[in-house]
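These are my notes from a first look through the structure. I kept the entries short and in the order in which I looked things up.

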Amino acid sequence: MGMTISQKILANKANKDEVKPGEIVMADVDLTFANDITAPIAIDFVKRLGVDVFDKGKVALIPDHFTPNKDINSANQCKIMRDFVMERNLPNYWETGEVGIEHALLPEQGYIKPGMLIVGADSHTCTHGALGAFATGMGSTDLGFAFATGKSWFRVPESIKFIYKGKRKKWVVGKDLILYTIGKIGVAGALYKSMEFTGDAIRELPMEDRLTMCNMAVEAGAKNGIVEPDEITVEYLKERGIENDQYGILKSDADAEYSSLIEIDVSNIEPQVAFPHLPSNAKGISEIKDDIKINQAFIGSCTNGRISDLREAAKVLKGKKVAKYVRLIIIPATVQVYRQALKEGLFDVFLDAGAVISTPTCGPCLGGYMGILADGEVCVSTSNRNFVGRMGSKKAFVYLSSPAVVAASAVAGKIIHPDEVLK
Amino acid sequence: MIIKGRVWVYSDNVDTDVIIPARYLNTSDSKELAKHCMEDIDESFAKEVKNGDIIVAGYNFGSGSSREHAPIAIKASGVACVIAKSFSRIFYRNAFNIGLPILESNVVDELEKSDEIEVDTKKGQIKVLKNGKVFESSVIPEFMQRLIESGGLFNYAKEILKV
């Protein structure tokens, strides 16, 4: 029996010829990281052991959630991180002014390569599967263990093969494909499993859209999301100075075993909106019959804060104004994205429209700061979760959608298709 | 271990944002986290929870964020055990890692708030005291049992690193 790409990576790193779903293996990890919320507990684990980190080059500490420090407690958490980094002389740390959202920053800066085994103390670590790595989120204690030993244990997951066919409609992006998919299988539809995204429509999908899709694999309960590397992957890495002799390309065997195969014709998918309070409450935008008035629109996060996302938003916002009493908050995910958007004139488009632009941070996505919702307020957001209380008040309502739909909705003051604003 | 206690009953998809909202994640202090445990799903929980209480729930308990603060807050609230139809995978690992006993069972269907149950964590049996019905929980994987026996992930790291 052949193996899936996920099995192959785990087998390689566990030093085995073959691994089977359900088997538990101890494997060597290639990259380990944590953020300002999860790092302090992991750091404490390493300190209590009285050891150094296993490999300074393979540890990254990224203060992105509540930075620039939102309050005294957050500042103290960041200080724990910074002190540890300085004391151990760790190279992979980004100060405010350099830092971006971890899952946007790491691929952008060339830290992610195909075939790597990656663990991060953040559930959206699955993002990095877009580059053909096996990447999964864990808690702080697991990361402390990985920081100290360079190892982690894994239950080899069953894989679900998603086969996307057909041509995407105008405005339909990676975000729509993944919201549609989660809507189809549910928030526990891939629990403990690997989501392998395949098919012609994936082969044509730009890397940033693939990152968005793998990012939300966890919203279906998955252990990882993964895309086999191809020309688009090679090109993305080349742009970061990584030539193809620096990594191997693994693919799933033709006779690999899948727990199920799910075919999706993307030509039938229209822009998607996930209703409160689950990412699986996805509907096609034309199914929305009653007006959903909004108080806030948010474009950013590890899901949709990359340059292509800001370009999509700018296409809609150019020459338009945000509706009265609506707040449009735009947060480029990294400093590089910020600078690029500035260079391309996107900031002028956003500012002319009446949006506010923040420095890179996770900020409002998890209800940290920079855009907290009041009781009864409605936000349409490009982020990944619309749980009760996720963006502030537990009496608020969050709808998830793509950057173009969020931008259009900010202009209209209600959730709307981009074509409606541009006609 | 035998745990006898009264239950708090919740439905499916109890996510880590409602277990401990992110607005309280600017600390890792377990007592501080416990003060806000379950706040966005049940305001009475933190006020009324007693040592030895048990949380029972439906499918996909602990979904969403990887924040270990969620099981830490539950454990620091005095909760002795969480029993759900299924758990999200990160929460499952986190609970094991910090020593919060968790079991997979459908017992929630039989229970109302404040009912009492008796849990035998070793046998994986759950007895509903009001009617004597017994539920079996799924078996804990052998590797994880060994983890528990060696005293959790911290001691396991010590073994590997020989420190």
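**Entry 1: backbone details in chain A**

I started with N15(A), which I found in the loop between helix 1 (5-13) and strand 1 (24-28) of chain A. Phi of N15(A) is near 60 degrees, and this is a positive value in a residue other than glycine. I note here that the model is predicted.

Next I looked up cis peptide bonds. The bond from T67(A) to P68(A) is cis, and its omega is near -10 degrees. I located P68(A) in the loop between strand 3 (59-62) and helix 3 (72-88) of chain A. The bond from P276(A) to H277(A) is also cis, with omega near -5 degrees. H277(A) sits in the loop between strand 11 (272-274) and strand 12 (282-284) of chain A.

**Entry 2: a parallel sheet in chain A**

I then turned to an open sheet of four strands in chain A, with the order 3-2-4-5 and parallel pairing. Which strands stand at the edges? They are strand 3 and strand 5 (134-137) of chain A; each has a single partner strand, so one side of each has no neighbour in the sheet. On average, neighbouring strands of this sheet are turned by 15 degrees against each other, direction ignored.

I looked at one pair in detail. Strand 2 (residues 31-35) and strand 3 of chain A are joined by four bridges in the parallel sense. In this pairing I found A34(A) opposite L61(A) in strand 3 of chain A.

Helix 2 of chain A lies across strand 2, strand 3 and strand 4 (117-121) of chain A. Helix 2 of chain A runs at about 125 degrees to strand 2 of chain A.

**Entry 3: two helix pairs in chain A**

I followed helix 2 (residues 39-49) of chain A to helix 3 of chain A. Their axes come within 9 Å and cross at roughly 40 degrees. The two helices are therefore oblique to each other. Their crossing is left-handed. From helix 2 of chain A, the residues A39(A), P40(A) and I43(A) meet Q77(A), I80(A), M81(A) and F84(A) in helix 3 of chain A. By class, I noted six nonpolar residues, one polar and no charged in this contact.

The second pair was helix 6 and helix 8 of chain A. Their axes are 8 Å apart, and the packing angle is about 25 degrees. Why do I call helix 6 and helix 8 of chain A roughly parallel? Angles under 35 degrees count as roughly parallel, and the two helices pack at about 25 degrees. Helix 6 of chain A passes helix 8 of chain A in a right-handed crossing. G174(A), K175(A), L177(A) and I178(A) in helix 6 of chain A meet D209(A), R210(A), T212(A) and M213(A) in helix 8 of chain A. The residues of this contact are three nonpolar, two polar and three charged.

**Entry 4: the two domains of chain A**

The domain assignment divides chain A into domain 1 (5-265) and domain 2 (273-422). I noted that their C-alpha centres lie 25 Å apart. The contact takes 33 residues from domain 1 of chain A and 31 residues from domain 2 of chain A.

Which helices supply at least two residues each of the side of domain 1 that touches domain 2 of chain A? I found helix 4 (102-108), helix 6 (174-185) and helix 8 (207-215) of chain A. Helix 6 of chain A gives the largest share of that side, six residues. The side of domain 1 holds 14 nonpolar, 10 polar and nine charged residues.

**Entry 5: chain B**

The contact between the chains takes 38 residues from chain B and 43 residues from chain A. On the side of chain B, helix 1 (16-19), helix 5 (89-98) and helix 7 (153-161) of chain B give two or more residues. This side of chain B has 16 nonpolar, 13 polar and nine charged residues.

I closed with an open sheet of seven strands in chain B, in the order 4-3-2-1-5-6-7 with mixed pairing. Strand 4 (102-104) and strand 7 (134-136) of chain B stand at its edges with a single partner strand each, so one side of each is left without a neighbour in the sheet. The average turn between neighbouring strands of this sheet is 30 degrees, direction ignored. Strand 5 (residues 116-120) and strand 6 (residues 125-128) of chain B run antiparallel and are joined by four bridges. I found V119(B) opposite I126(B) in strand 6 of chain B.

How values were computed. Residues numbered from 1 in each chain as written. Chains lettered and ligands numbered in written order. Predicted model: local features only at pLDDT ≥ 70, side-chain atom pairs only at ≥ 80, totals over all residues. Domains from an automatic or database assignment. Contact = placed C-beta atoms within 7 Å. Nonpolar A, V, L, I, M, F, W, Y, C, P; charged D, E, K, R; others polar. Pairing = 2+ DSSP bridges. Axes fitted to C-alpha atoms, helices over the stretch in contact; angles between N-to-C directions. Left-handed = near helix turned anticlockwise from the far one by under 90°. Parallel < 35°, antiparallel > 145°, perpendicular 65-115°, else oblique.
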